[in-house]
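Here is a friendly walk through one protein chain, going from an annotated site to a pocket and then to a few residues worth a look. Have the structure open as you read.

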Amino acid sequence: MFVRELDLRDFRSWPELNLELDKGVTVFSGRNGHGKTNIVEAVIYSATLSSHRVSNDQPLVRAGAQNARVSVTTVNEGRELTTHLLIKPKEANQAQINRTRLKSPREILGVLRTVVFAPEDLALVVGEPGERRRFLDGLASIRTPRFGGAKADYDKVLRQRNALLRSQNMLLRRGYNDDQGASALSTLDAWDMQLASLGAQVIAGRKKLVGELSQPVHDAYASVAPESRPASINYVSTVDGGVDKLAGVDTSDPEILEAAFLTELARRRREEIDRGTTLVGPHRDDLVLMLGDQPAKGYASHGETWSFALSLHLAEYALLASDGAEPVLILDDVFAELDAKRRQRLVAVAEKTEQVLITAAVGDDLPENLDDHVSARYGVVMEDSDDGRRVSRIEEAS
C-alpha cells in the first residue's frame, strides 16, 4: 500500500499543495513550525479521521478559510482509490471516494492505513487513559469499521445521558414516588439501555484487540529492550465489577458485558446523580501497561517509556500487515528522540515497508542505513502570502 498523490487546500499552513509520491522513503525536511509535519498529518487524517496532534478539527483549517480539503490517492495491490475529505469545523465533514459521495466520512476508513511514530507517543505511556483509549479506538476502527460506528453512537448517547444527569438533577433526586421524578428516572432508564448496548460493543471490540496485541507487544518490547523487564498489556474496565458477579461466563461476549454494564449502572446510579455525570463505561476504561509486576506509568525510565511506546506501534504495524496490506509508515520527527538501538529497530521495519514518509528538522537526523533507501527529498519553508499570513511551500525536490 502506498500514497501516490496528495492534494491539499487550506489545510493548516498550506493554501495549496499537490505532491506526487512513490514507493520507498520520502523525506520532508525544514525548520520547526514551517509545515513539514502538516503534510504527514493530512495523510494521517485521511486514514484515521483524526489528528495525532490535536483533538478537534478547528486547527486543521488554515486561518481565514472556512474549510479545508484533503484528497489522497492510495494504491493497494494495483487498485487505485482517491478519497476526498472536506473538513468543516462548524458543520458535519463531507467525504467521497473517487466521485461517489458518502453518507458518512467513516466509510473511507480502511482505504488507507498508516502507522505513525511521533514525539507525542510518550503520552501513550505517561499520559492520561484517554491517550491509550484513542490508540485502541483508532486501530479498532481501521480494522473493523463498524466498531467506529458503535463508538460514535456511544459517544452521542453518553452526551445525551450526561446532559440529562445535569439538567434534570433535582428531579432525578426525587425518586419514583414523585411523578416528575419518576418521569426523569424513566428517561434515564431508556438512556441506560442504549448506553449499555453500545458500550458493550465498544468494550468487546477493545478486549478483542488487546488480546491480539498482547503477544506482539511483548515480543516487540523484548527486541527493543532485551535487558529490561517483560512488557504486558491489560484492559481494565469500569464494568469489571459487574462481570466478576457472573462467574464462569465469557467476559468478552457483548451480551454478557451489556448485563454487567447495566449491573454497574444500577449500583452507581445514586453516585452518578449526585455527581451529574456518567461514571461507568468505556469512556472511563484504561489500557494498563506493565513492566514486570509494576505499571509502566510512574515506574518506567525514560528509555523504557520510549521502548514501550515504540513497541505499541510495532505491534500495531504487525497487526495491520497481517490483515493483508502493509500500512504506510510515518516517522514524524522521531529519530532525534531515539537512541541508536531504538533507531536500528525502527529502521529494520522501515526497510521492509512499501512506503515510508519521514519528517526531520535536519538531514543529519536520518540514520545512515536508512538514507540509502530515500527516493525523494522535499524542503519545506515558510513565507509571507499576499494576504499577510505565513504559509508553507515546497522549496525544492530531488
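Helices and strands are DSSP runs, numbered from the N terminus, and a helix needs at least four residues. With that in hand, Asn38 can be placed in helix α1. Please keep in mind that this is a predicted model.

## The annotated binding site

An unreviewed UniProt entry gives the feature "binding site" to Gly30, Arg31, Asn32, Gly33, His34, Gly35, Lys36 and Thr37. Such annotations may be inferred rather than shown by experiment. Gly30 sits in the loop that joins β3 (24-29) to α1 (36-48), while Lys36 belongs to helix α1.

Are Gly30 and Lys36 buried or exposed? Gly30 has a relative accessibility of 12%, so it counts as buried, the cut-off being under 20%. Lys36 is buried too, because its relative accessibility is 4%. Apart from neighbours within four places in sequence, Gly30 is in contact with Lys36, Ala360, Ala361 and Val380. With the same kind of neighbours left aside, the contacts of Lys36 are Phe28, Ser29, Gly30, Arg31, Thr359, Ala360, Ala361 and Val380. Ala360, Ala361 and Val380 therefore appear in the contacts of Gly30 as well as those of Lys36. The Lys36 side chain also makes a polar contact, at 3.4 Å, with the side chain of Asn32.

## Asn38, further along α1

Asn38, in helix α1, is buried because its relative accessible area is 8%. Which side chain makes a polar contact with the side chain of Asn38? That partner is Arg53, at 2.7 Å. Arg53 is also among the residues that Asn38 touches once those up to four places away in sequence are not counted; the others are Phe11, Arg12, Ser13 and Trp14.

## The largest pocket

The largest pocket holds about 1800 Å³ of space. It is lined by 46 residues, and the closest to its centre are Thr48, Leu49, Ser50, Arg134 and Gly138. By residue class, the lining divides into 16 nonpolar, 15 polar and 15 charged.

Which elements each supply at least two residues of this lining? They are α1, β8 (114-117), α2 (122-126), α3 (129-143), α4 (145-167) and α10 (302-322). The largest share, ten residues, comes from α3.

## Two residues with positive phi

Most residues other than glycine have a negative phi. Leu49 has a positive phi of about 65 degrees although it is not a glycine. Leu49 lies in the loop between α1 and β4 (68-76), and it counts as partly exposed because its relative accessible area is 21%. This is one of the residues closest to the centre of the largest pocket.

Asp10 also has a positive phi, of about 55 degrees, and is not a glycine either. Its place is in strand β1 (residues 2-11). With a relative accessible area of 13%, Asp10 is buried.

## Contacts between distant parts of the chain

Ala118 lies in the loop between β8 and α2. Its relative accessibility is 1%, so Ala118 counts as buried. Not counting residues up to four places away in sequence, Ala118 touches His52, Trp306, Asp332 and Val334. Ala118 and Glu337 are 219 residues apart along the chain, with 9.1 Å separating their C-alpha atoms.

Trp306 turns up again with Arg342, which touches Val224, Gly303, Glu304, Trp306, Ser307 and Leu310 when residues up to four places away in sequence are not counted. Arg342 is in helix α11 (residues 340-350), and it is buried because its relative accessible area is 8%.

Last comes Lys207, found in helix α6 (residues 179-224). Where do its contacts lie, once neighbours within four places in sequence are left aside? Lys207 is in contact with Tyr235, Asp240, Thr251, Ser252 and Leu257. Lys207 and Pro254 are 47 residues apart in sequence, with their C-alpha atoms 10 Å apart in space.

Technical notes: Residues numbered from 1 in each chain as written. Predicted model: local features only at pLDDT ≥ 70, side-chain atom pairs only at ≥ 80, totals over all residues. Heavy atoms only, no water. Buried < 20%, exposed > 50% of the residue type's maximum accessible area, 1.4 Å probe, protein only. Contact = heavy atoms within 4.5 Å. Polar contact = N/O pair within 3.5 Å; in protein donor to acceptor, adjacent residues only side chain to side chain. 1 Å grid on protein atoms, 1.4 Å probe; cavity = no way out; pocket = protein on both sides within 12 Å on 5 of 7 lines; lining within 4 Å. Points joined across faces, edges and corners; volume = space filled by probe spheres on them. Nonpolar A, V, L, I, M, F, W, Y, C, P; charged D, E, K, R; others polar.
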